[in-house]
Amino acid sequence: MTIRTRFAPSPTGYLHVGGARTALFSWLYARKHGGQFILRIEDTDLERSTAESVDAILEGMTWLGLEYDEGPFYQTRRFDRYKEVITKLLEQGDAYHCYCSKQELEDMREQQRANKNKPRYDGRCRHATTPKEGVEPIIRFKNPTEGSVLVRDVVKGNVEFQNSELDDLVIARADGSPTYNLTVVVDDLDMALTHVIRGDDHLNNTPRQVNIFKALGADVPVFGHLPMILGDDGARLSKRHGAVSVMSYRDEGYLPEALLNYLVRLGWSHGDQELFTIDEMITLFDLTDVNKSAAAFNTDKLIWINQHYIKTSTPEHIARHLSWHMGQLDIDPTTGPELSKVVALQQERAKTLVEMAANSHYFYKDVEEYDAKAAKKNLTVVTSHILEDMYGRLAALPEWLAEPIHAHIKECSLDRGVGMGKVAQPIRVAVTGNTISPPLDSTLELLGSERTLAAIRSAIVWIKDQDLD
């Protein structure tokens, strides 16, 4: 049997981290077993579904690297197929027309609540044979009234539902459009899905869907319902806990593999191991190891994982992702040193790509404003003489390399009888605008002689201007 899984988001918003984890677990399970992973867009909610949301989902999947083997399929393009199945259910007596008005249904529920009963459709149209004039009927699935449904769940274990507790759900609206529980069964059947991995908020829908599968004479897929993700306060993860959109994590400077590594550990574990390559995830992941209880999102841990990936990934890989962040700062990385070389200098010093981009702007743009505290301490009349001295020494260098640059800084400090920091820090502020940077000799080598000397000259002029004021 070829394993076939799917991710089936509704395009009513962005791709959130809960959906991304579901997609990841489905993708991993298919990859582990040499199967196929399908992407399906469940866009039958015409009022709330948008093209922008579809784009956001596809962008999120691409950024995460969760490649799908088939799709994306769109439910709105399959209405004829759903109509065909609904007709079949009607013809074989597993569905019926319901002519109850909204008011009639509300009165029925009010009475049930008054009697302290669970509000549910009572099946009053189940055996009706005469249509009501002027009423466009909905279509309900005729759920079995006896026995039970045993959902065999690889995450939660066996879960049993009594058919007597399940009412006759609507499978087609009065305008003929199909509802979720019908479309999802038809799609899973037609797409030959073997495993349905989804959030446990769908668990109550599962026995209804199982009964539809059985009515259609189809094999029921294996289910795995994943526990929800909580915020660090124990409440369901939401916007108030911070970013929940996958692309927001891109915007905040996380690498996709860091987010994937973090998400795979939300509800799944392999001993005490915290860090996993994609290949390790595929090899080690198993649905039977997914926890039954909810997982809590911890941003500090995600930052730690992200920092690990920034430190250990190749500069070329990081540069591909950093380039987007440089663009957000209106910086064209082709106007300065090779971005991967900048990354090599910075990757030990950054927790996020946003931080790395902000700390790398001076490689591509002249410093427009010095940090006030840094300038007050390091750009003074006294240090202007040091800067003049270093300008002359550096301008005379036959080779612009870190080693001779370092040697000249050291010689200047010895000649002037001051510590190397007294020479290095004014230069650092002159070229970066601040007191923090990678090793100065390597920074200047990468910055180049022309831009370094221009920055030192600008700082000297700035000091003179301050003195005149």
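Start your tour at helix α1, which gives the largest pocket more of its lining than any other element does: five residues. Before you click further, keep in mind that you are looking at a predicted model.

**Stop 1: the largest pocket**

Select H16, G19, D201, H202 and R236. Of the 41 residues lining the largest pocket, these sit closest to its centre. The pocket has a volume of about 1100 Å³. Next, colour the elements around the space: β1, α1, α5 (180-190) and β9 (195-199) are the ones that give two or more residues to the lining. What kinds of residues make up the lining of the largest pocket? Colour by class and you'll find 15 nonpolar, 16 polar and ten charged ones.

**Stop 2: the sheet beside α1**

Now select residues 17-32 to show α1 in full; the helix lies across β1 and β2 and runs at about 165° to β1. Those two strands belong to an open sheet of three, in the order β1-β2-β3 and with parallel pairing. Why does the sheet leave one side of β1 and of β3 without a neighbour? Pick out β1 (4-7) and β3 (70-74): they stand at the edges with a single partner strand each, so one side of each has no neighbour in the sheet. Tilt the view to catch the twist, as neighbouring strands here are turned by 25° against each other on average, direction ignored.

Zoom in on β2, residues 36-41, which pairs with β3 in the parallel sense over three bridges. For a landmark, show I38, which stands opposite E70 in β3. Then add residues 51-64, helix α2, which packs on the sheet and touches β1, β2 and β3. The direction of α2 makes about 160° with that of β2.

**Stop 3: two backbone details**

While β3 is on screen, select P72, which has its place in that strand. Look at the link from G71 to P72: this peptide bond is cis, with omega near 0°.

Then jump to K116, in the loop between α4 (102-114) and β5 (138-141). K116 isn't a glycine, yet its phi is positive, about 60°.

**Stop 4: an aromatic pair**

How many aromatic pairs does the structure hold? There are nine, and one to bring up is Y262 with F297. Show both side chains and you'll see an edge-to-face pair, 4.9 Å centre to centre with 70° between the planes. Y262 lies in helix α8 (residues 256-264), while F297 is in the loop between β12 (295-296) and α10 (299-312), so the pair ties together parts that are 35 residues apart in sequence.

**Stop 5: the second largest pocket**

For the last stop, select D366, V367, Y370, A430 and S458. Among the 15 residues lining the second largest pocket, these lie nearest its centre. Its volume is about 270 Å³. Which helices each supply at least two residues of this lining? Colour α17 (420-432) and α19 (449-468) to see them. Helix α19 has the largest share, with five residues. Colour the lining by class once again, and you get nine nonpolar residues, one polar and five charged.

Definitions and conventions. Residues numbered from 1 in each chain as written. Predicted model: local features only at pLDDT ≥ 70, side-chain atom pairs only at ≥ 80, totals over all residues. Heavy atoms only, no water. Pairing = 2+ DSSP bridges. Helix = DSSP H or I, 4+ residues; strand = E, 2+ residues; numbered from the N terminus. Axes fitted to C-alpha atoms, helices over the stretch in contact; angles between N-to-C directions. Contact = heavy atoms within 4.5 Å. 1 Å grid on protein atoms, 1.4 Å probe; cavity = no way out; pocket = protein on both sides within 12 Å on 5 of 7 lines; lining within 4 Å. Points joined across faces, edges and corners; volume = space filled by probe spheres on them. Nonpolar A, V, L, I, M, F, W, Y, C, P; charged D, E, K, R; others polar. Phe/Tyr/Trp six-rings, centres within 6.5 Å; stacked < 30°, edge-to-face > 60°.
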